[in-house]
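Here are my notes on this one, jotted down as numbered points. Have the model open while you read.

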Amino acid sequence: MKVGDLVVLSAKGKKLKHNYHYYQGFGIILEVYPTKQYYDFSIKWFCEDRSTHNKRVWFKRYEIKKLKPE
């Protein structure tokens, strides 16, 4: 994955309770951390829920997947 990719939560990401705000919507990757840091990606998240809309959040690689066009 690279900067600019659109992403959603993966199946594993949806199983993690701390990601419940991000079940809906999608994100765009802003930064990729190539070194061994705790989180791999910085993502700006967009959804209809105002509590999480337009927020910058951090995820590990296994928590997200690329958004596929419908």
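1. Let me begin with Tyr23, whose side chain reaches the backbone oxygen of Lys14 at 2.9 Å. Bear in mind throughout that this is a predicted model. Tyr23 sits in the loop between α1 and β2. Apart from its neighbours within four places in sequence, Tyr23 is in contact with Leu9, Lys14 and Leu16, so Lys14 turns up in that list as well as in the side-chain-to-backbone pairing. Buried or exposed, or something in between, for Tyr23? Tyr23 counts as partly exposed because its relative accessible area is 37%. If you want a distance to check, the C-alpha atoms of Tyr23 and Lys55 are separated by 14 Å, with the two residues 32 apart along the chain.

2. Next, the aromatic rings. How many aromatic pairs does the structure hold? There are five. Take Tyr22 and Phe59: their ring centres are 5.7 Å apart with 85° between the planes, which makes the pair edge-to-face. The two come from distant parts of the chain, 37 residues apart, with Tyr22 in the loop between α1 (11-15) and β2 (26-32) and Phe59 in strand β4 (residues 55-59). Both Tyr22 and Phe59 are buried. Add Trp45 and you have one aromatic cluster made of Tyr22, Trp45 and Phe59.

3. Lys60 is worth a look for its place over a ring: Lys60 lies over the face of Tyr38, at 3.9 Å from the ring centre. Lys60 also comes up in the next point, as the nearest side chain of opposite charge to Glu63.

4. Glu63 is the residue I'd look at twice. Glu63 is in the loop between β4 and β5 (64-66), and it is buried yet has no salt bridge. The distance from Glu63 to Lys60 is 6.6 Å, so Lys60 falls outside the 4 Å that a salt bridge needs. What does the side chain of Glu63 make a polar contact with? The partner is the side chain of Asn19, at 3.0 Å. Leaving out neighbours within four places in sequence, the contacts of Glu63 are Val8, Leu9, Ser10, Gly13, Leu16, His18 and Asn19.

5. On to the salt bridges, of which the structure holds three. Asp5 takes part in one with Lys2, where the closest N and O atoms are 3.6 Å apart. Asp5 also pairs with Lys66, at 3.7 Å between the closest N and O atoms. That pair spans distant parts of the chain: Lys66 is in strand β5 and Asp5 in the segment before β1 (6-9), 61 residues apart. As for accessibility, Asp5 counts as buried because its value is 11%, Lys2 is exposed at 53%, and Lys66 is partly exposed at 44%.

6. The remaining salt bridge is between the side chains of Arg56 and Glu31, at 2.2 Å from N to O. Arg56 lies in strand β4 and Glu31 in strand β2, so this pair ties together parts that are 25 residues apart in sequence. Arg56 is partly exposed, with 38% relative accessibility, and Glu31 is partly exposed too, with a relative accessible area of 33%. Going back to the previous point, salt bridges with shared partners join Lys2, Asp5 and Lys66 into one network.

Definitions and conventions: Residues numbered from 1 in each chain as written. Predicted model: local features only at pLDDT ≥ 70, side-chain atom pairs only at ≥ 80, totals over all residues. Heavy atoms only, no water. Phe/Tyr/Trp six-rings, centres within 6.5 Å; stacked < 30°, edge-to-face > 60°. Helix = DSSP H or I, 4+ residues; strand = E, 2+ residues; numbered from the N terminus. Buried < 20%, exposed > 50% of the residue type's maximum accessible area, 1.4 Å probe, protein only. Lys NZ or Arg CZ within 6 Å of the ring centre and 35° of its normal. Lys, Arg positive; Asp, Glu negative; His and termini not counted. Polar contact = N/O pair within 3.5 Å; in protein donor to acceptor, adjacent residues only side chain to side chain. Contact = heavy atoms within 4.5 Å.
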